[in-house]
Amino acid sequence: MPHPDTRTLQQLDAAYHLHPFNDNAALAKKGTRLLTRGEGVYVWDGEGSKLLDAFAGLWCVNIGYGRPELGAAAAKQMTQLAYYNSFFSCTTEPTIRLSAKLAELSPHDLNHAFYANSGSEANDTILRMVRHFWAVQDQPQKNIFIGRHNGYHGSTVAGASLGGMKGMHAQGGLPIPNIHHIDPPFWFADGGDMSPEEYGLVAARRLETKILELGPERVAAFIGEPIMGAIGVYIPPMSYWPEIERICRKYDVLLVADEVICGFGRTGEWFGSQYFGFKPDIMTIAKGLTSGYIPLGASMFNDRIANVLASQGGELAHGYTYSGHPVCCAVALENIRILQEERIVDTCKSDTGPYLQQRWMELGAHPLVGEARIAGMVGALELVPNKPERKYFAERGKVGVLCRDIALKNGLILRATYDSMLLSPPLIISRSQIDELVEKAWKSLDQTAKEIGIAV
Ligand SMILES: *Cc1c(COP(=O)(O)O)cnc(C)c1O
C-alpha cells in the first residue's frame, strides 16, 4: 500500500531536512525515498514497493527488521528509569550488565567499555584516551595516529581525521594535527602481479615504513577497519593483519580495530579481528551492537590500557551526557540475547554464510563483473569495462549508480561506492532469500550491461 502522504512528506523533507552525505539541492529536486516499514530482510517504501534490503540499512540491522522484543526492552526500561547519567559515581543496571556481557563476548582481554552514542564518537574517545595513556606515562610526544587513505572512522572531527576520505577532509580543515595515513590493502587495484598473500605483506609493511619515517617514539596507535567498508568492502589478504600486529608490537604502537561494521557477526565471527586472527588493544563498536534499533557505540579497551588509565589517569576529563544510556544498553542486551540464543552468528558462519558466499561468487562470472569478493556476509562486486582486466571505468561511479538504481527498480537494495556494488544483508537472511537476492542482482547486472552496451 502506498503511503497516502508520500508527496507531502517529500516536500516537507526538501524544505526542512538537510540530509547527511547528499547533495541537498539535487536531492530536493529528485525527491527522497520514504521508508515506512520493515520486517525481516524486507523494507517497504512510500510507493508501496517491497524491497529486499541487501545492505541492512547501513551495515547495521544484523537481526533484521521488526523484532518486537527490542521495542519491549526499550519500553520496559523507559518506564522504569528512562535516564540516568554515568557521571558523579552513578550507574544503572543495564549499563553494568551490558559491560559485563561485552567483556564476555570480546576476544582476549578487551574487557573495559567506555560508552558513546555512535561509532564516530567512540573513535573520538579512543583518540583522546590513547594520547592521555601515553602522556601519563611520560611520553606526551607519542601522540601520532596512523590510519589509511580511504579508511572510514566516522564523521566527527576526530573520526573524519582518522579516516582517509579526501572529500571529507576538504570540508572543515581536516585532518587535525598528528594524524597520518598509509595506502590501504586493495589487491584488485594495487596488487599488480603479486599473489594476494604476497601483496598483503607488502601492504602491511607500509606501516613499518611510516612508523620509521615518523619515529616510533612519536607513534601512539594504528587504526584500521578489519574489512574496509565504506570505500568498497576491501577484504585484505589473510597475511595482512598478522603482519600489522607484528609491526605494532615491535614498536609498541597500540593497535585499534574499528569493528563498527565487522562486529557482532558480520564476518561469521563475533568480531573481525577473530576472522583475521589478530589481537587489537582497543576496538570500536556500534552499528550491529544494537542492530541499529537505537544509537549506541562503545570503545573497548584492554586490561593494560584500562589499568594505566585507572591507576595513573586521574579524573578522565571526557564523557557524554548519554554515555551508558540505560535504554540503549537494555536494547543492546536484548539484541545480543537474540544473536546468541537464536544462534544467528553460528548459522552465518556454518550455513547461510557459506551459501551466500557460494552464490555471490557465481555473480563473478557475469561479463560486467571484474571481481566478486565476500567474507562472512559482507561483500562487493567490482564492475569493470573489460572483464579480463583489473581496471576501472574511465569515468568512475556512473555505472555503479546506474546499477544501484536498476536494482532498486527490481526490488533490491545494494549500495554503490564508485563502481563497487556493496553487500551486507541482515544476518538472518534465509537460503531462499539469498536465492532471491542473487537472482535480482544478476538481472540488474544484465540490464546495466545492456544500457552501457556490454554484451551479455
Ligand atoms: C559507520 C562507521 C563508523 C561511524 O559510526 P557512526 O555511528 O556513523 O558515527 C565508524 N567506523 C566504521 C568502520 C563505520 O562503518
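These are my notebook entries on a predicted model of a protein with a ligand.

**Entry 1: the whole thing**

I started with the overall fold. I counted 456 residues in the protein, and 54% of them come out as buried. The secondary structure runs to 18 helices and 15 strands. I then looked up the box that the C-alpha atoms fill, and it is roughly 65 × 60 × 45 Å along the principal axes.

Does the radius of gyration agree with a compact globule, or disagree? It agrees, because a compact globule with 456 residues would have a value near 23 Å and the protein has 22 Å.

I also checked how contacts are spread along the chain. Taking contacts between residues at least 6 apart in sequence, I found that 71% join residues at least 24 apart. The accessible surface comes to about 19,400 Å², and carbon and sulfur atoms own 54% of it.

**Entry 2: the ligand**

Next I went to the ligand. Which residues are around it? My list reads S118, G119, S120, Y152, H153, G154, E225, D258, V260, I261 and K287. Sorted by type, this shell has three nonpolar, five polar and three charged residues.

I looked at three side chains facing oxygen atoms of the ligand. S120 has a polar side-chain atom 2.5 Å from a ligand oxygen. For K287, an N or O atom of the side chain is 2.6 Å from an oxygen of the ligand. S118 also puts a polar side-chain atom 3.5 Å from a ligand oxygen. Taken alone, the ligand exposes 380 Å², and the protein buries 84% of that.

**Entry 3: helix α11 and its cover**

I picked helix α11, residues 240-250, to see what it hides. Its buried residues are Y240, W241, E243, I244, E245, I247 and C248. I noted that E243 and E245, two glutamates, are on that list.

What covers them? The cover includes the strands β5 (144-148), β7 (219-224) and β8 (254-258). It also includes the helices α10 (196-214) and α12 (272-276). After α11 comes D252, which has a positive phi near 50°.

**Entry 4: G147 in strand β5**

Strand β5 had just come up as part of the cover of α11, and I wanted one residue from it. G147 sits in that strand. Is it buried or exposed? G147 counts as buried, because its relative accessibility is 0%.

Setting aside residues up to four places away in sequence, I found G147 touching L162, H180, H181, I182, F222 and I223. I checked the spacing to F222: the two C-alpha atoms are 5.9 Å apart, although 75 residues separate G147 and F222 along the chain.

**Entry 5: odd backbone spots**

I went looking for unusual backbone geometry. As background, most residues other than glycine have a negative phi, and most peptide bonds are trans.

F21 is not a glycine, yet its phi is positive at about 45°. I placed F21 in the loop between α1 (6-16) and α2 (24-30). F21 counts as exposed because its relative accessibility is 60%, and the cut-off is over 50%.

F264 also has a positive phi, about 65°, without being a glycine. Its loop runs between β8 and α12. Where F21 is exposed, F264 is buried, with a relative accessible area of 0%.

My last odd spot was a cis peptide bond, which joins L174 and P175 with omega at about 0°. P175 is in the loop between α8 (166-169) and β6 (179-182).

**Entry 6: helix α16**

I finished with two residues of one helix. R359 lies in α16, residues 352-362. How does R359 count, buried or exposed? R359 has a relative accessible area of 18%, so it falls under the 20% cut-off and counts as buried. Its side chain makes a polar contact of 3.1 Å with the side chain of E362. Leaving out residues up to four places away in sequence, R359 touches I434, D435 and V438.

T352 is in α16 too. T352 is buried, at a relative accessible area of 6%. With sequence neighbours up to four places away set aside, T352 touches T347, M377, I429, R431 and I434. I noticed that I434 turns up in the contacts of R359 and again in those of T352.

Key
Residues are numbered from 1 along each chain as its sequence is written. This is a predicted model: local features need pLDDT of at least 70, side-chain atom pairs count only at pLDDT 80 or more; totals for chains, interfaces and linings use all residues. Side-chain values use heavy atoms; hydrogens and water are left out. A residue is near a molecule or strand if one of its heavy atoms lies within 4 Å of it. A polar contact is a pair of N or O atoms within 3.5 Å; within protein, one must be able to donate a hydrogen and the other to accept it, and residues adjacent in sequence count only if both atoms are side-chain atoms. Accessible areas come from the Shrake-Rupley method with a 1.4 Å probe; for residues, only the protein chains shown count as cover. Ala, Val, Leu, Ile, Met, Phe, Trp, Tyr, Cys and Pro count as nonpolar, Asp, Glu, Lys and Arg as charged, and the others, Gly among them, as polar. Helices (H or I, at least four residues) and strands (E, at least two) are DSSP runs, numbered from the N terminus. The radius of gyration is taken over C-alpha atoms; the globule rule is 2.2 Å times the number of residues to the power 0.38. Buried means under 20% relative accessible area, exposed over 50%, partly exposed in between (1.4 Å probe, protein chains only). Contact means heavy atoms within 4.5 Å.
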